[in-house]
Amino acid sequence: MKILILNESKRALLTSHTEKRCAASPNTVAKLTRKGIDVFIEQDAGALSLYEDKEFEAAGAHVVDTIEPIISQINILLCVNSPNEELILRLANNAIVIGHIDPFFQKSLVTKLCQNGITTVSVEMIPRTSRAQKMDALSSQASLAGYVMVMKAVANLPSILPMMMTPSGTIKPAKIFIIGAGVAGLQAIATAKRLGASVLAYDTRPVVAEQVESLGAKFLKIDIGDTGETKDGYAKELTEQQKNKLEAAQQKAIADSDIVITTAQLFGRKPPLLIKSSTLEKMRLGSVVVDMAAQSGGNVEGSKAGETIKINGITLVGNGNWSQDVARDATDMYANNIFNLLDEFIDADTGNFLLDLEDDILANCVITHNGAITNDMLTEAYKGA
Ligand code: NAD
């Protein structure tokens, strides 16, 4: 079996940013080559996550300066992002593509993959089950994002996080309010607590309160009636009345905070708008708001995707691509997720990837196969698109 890993920093895939991560690390390449797999990696693929070609070579990979001779022969293309149309057309029509496909918002790309007979594995669709945890790229990257967002906030704050008692005076701990306590939010809470901040958090899923409190933070209790979660554990969309109630109840906590970090997402849909300009205006000068969702629509009114801006003395951080700030760890974790996925389904005897679409992991994350869209959620979503 032949696997190809692209240099995504050089190649304009379906991204608007320069990708720093790589879909393999020298460690995962060594594990793949030990299985007898031929691993091809495009020159400098690991450069921006600080892995050199010679490390991949030592792990058994063939480093190639052009993908031309092999692109049509490879069995599996490993990506962090999605291949663009030009690349899709050059793949063999039974090739497997694995990457962040962003399928709910990339109907035309998914249609192209489907029309070209590609089997597409969308890492976003890997189910949140115990068995699939080691393959869960959304979680690995969100954990790093939680840490990075706190670091970004701290770097922009004109004060410190911990309480400091000195002969020159006592500094109170900074107040941080984290909205959305999923994987990224919980990691942000843990990071802020380690730095000595006083942390308050809120999530529409009440089950999260206990996890927040176990990290030493307070949970803001707001009664907005039935919220709950989907069968996959994701938040449900709120009614207009619930949204208004939430906004009013959160205003005081936001105005009282030095840092607000918003991490609220709705799977397969645009993130909810949580903080309006009228609420931002109530914050103290120098406060910092980090909007994790700035690139996909924004939790905060006025946040700019890819930028840190100032609005009336408040710093609004909307940089996005958070895990890329710690590109080496992000590459290591993503590469491990992908290796674990391959390892689960590569047959030890034949060395082939076993496409068992009855398996609960593949049934969810394989979204195109044999010229058809194989995920019901997507078929449903595309009907309305
Ligand atoms: P996510 O990225 O979809 O959303 C982030 C958080 O925002 C969620 O906690 C969500 O409830 C919250 N949110 C949505 N709208 C909100 C609003 N208006 N106000 C406040 N908060 C709002 O979530 P995620 O981090 O990907 O996690 C989704 C679920 O999957 C969670 O239940 C998580 O525990 C679970 N999970 C399970 C596993 C596993 O068992 N293997 C792995 C990872 C995550």
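This briefing walks through the ligand site, the nonpolar cores and a few residues worth finding in the structure above. Keep in mind as you explore that the model is predicted. In it, 23 residues surround the ligand, and the largest nonpolar core has 64 residues.

**Around the ligand**

- Start with the closest of the surrounding residues, which are Arg128, Val183, Asp203, Arg205 and Gly233.
- Asp203 brings a polar side-chain atom to 2.6 Å from an oxygen atom of the ligand.
- Arg205 also has a polar side-chain atom 2.6 Å from an oxygen atom of the ligand.
- Thr129 takes part through its backbone, where an N or O atom lies 3.4 Å from a nitrogen atom of the ligand.
- On its own the ligand would expose 840 Å², and the protein buries 84% of that area.
- The shell around the ligand is made up of 10 nonpolar, 9 polar and 4 charged residues.

**The nonpolar cores**

- Here is a handy rule to begin with: nonpolar side chains tend to be buried together in soluble globular proteins.
- Within the 64-residue core, the members that touch the most others are Leu4, Ile5, Leu78, Ile98 and Leu342.
- Helix H11, which spans residues 327-345, gives the most to this core, with 6 residues.
- To see one of these members up close, look at Leu342: leaving out residues up to four places away in sequence, Leu342 touches Ile3, Leu32, Ile76, Leu78, Ile98 and Phe353.
- There is also a second, separate core of 53 residues, with Ala142, Val148, Ala217 and Ile261 among its members.

**Helix H1 and its surroundings**

- Helix H1 covers residues 26-34, and its buried residues include Pro26, Thr28, Val29, Ala30 and Leu32.
- What do the buried residues of H1 pack against? Their partners are strand S1 (2-5), strand S2 (38-42), helix H2 (53-58) and H11.
- Gly36 comes just after H1 and has a positive phi of about 85°.

**Thr262, a buried residue**

- Thr262 belongs to strand S12, which runs over residues 259-262.
- Is Thr262 buried or exposed? Thr262 counts as buried because its relative accessible area is 0%.
- The side chain of Thr262 makes a polar contact of 3.4 Å with the side chain of Asp291.
- If you set aside neighbours within four places in sequence, the contacts of Thr262 include Ile179, Leu274, Ile275, Val290, Met292 and Asn299.

**Loop residues to look for**

- Asn312 sits in the loop that links strand S14 (308-311) and strand S15 (314-317).
- Asn312 is not a glycine, yet it has a positive phi of about 45°.
- With a relative accessible area of 60%, Asn312 is exposed.
- Asn321 lies in the loop between S15 and H11.
- Asn321 has a positive phi of about 45° too, although it is not a glycine.
- How exposed is Asn321? Asn321 counts as partly exposed because its relative accessibility is 24%.
- Glu281 is in the loop between helix H10 (277-280) and strand S13 (288-291).
- Glu281 is exposed, at 58% relative accessibility.
- Glu281 and Gly313 are 32 residues apart in sequence, and their C-alpha atoms are 9.3 Å apart in space.

Conventions: Residues are numbered from 1 along each chain as its sequence is written. This is a predicted model: local features need pLDDT of at least 70, side-chain atom pairs count only at pLDDT 80 or more; totals for chains, interfaces and linings use all residues. Side-chain values use heavy atoms; hydrogens and water are left out. A residue is near a molecule or strand if one of its heavy atoms lies within 4 Å of it. A polar contact is a pair of N or O atoms within 3.5 Å; within protein, one must be able to donate a hydrogen and the other to accept it, and residues adjacent in sequence count only if both atoms are side-chain atoms. Accessible areas come from the Shrake-Rupley method with a 1.4 Å probe; for residues, only the protein chains shown count as cover. Ala, Val, Leu, Ile, Met, Phe, Trp, Tyr, Cys and Pro count as nonpolar, Asp, Glu, Lys and Arg as charged, and the others, Gly among them, as polar. A nonpolar core is a set of buried Ala, Val, Leu, Ile, Met, Phe, Trp, Tyr and Cys residues joined through side-chain atoms within 4.5 Å. Buried means under 20% relative accessible area, exposed over 50%, partly exposed in between (1.4 Å probe, protein chains only). Helices (H or I, at least four residues) and strands (E, at least two) are DSSP runs, numbered from the N terminus. Contact means heavy atoms within 4.5 Å.
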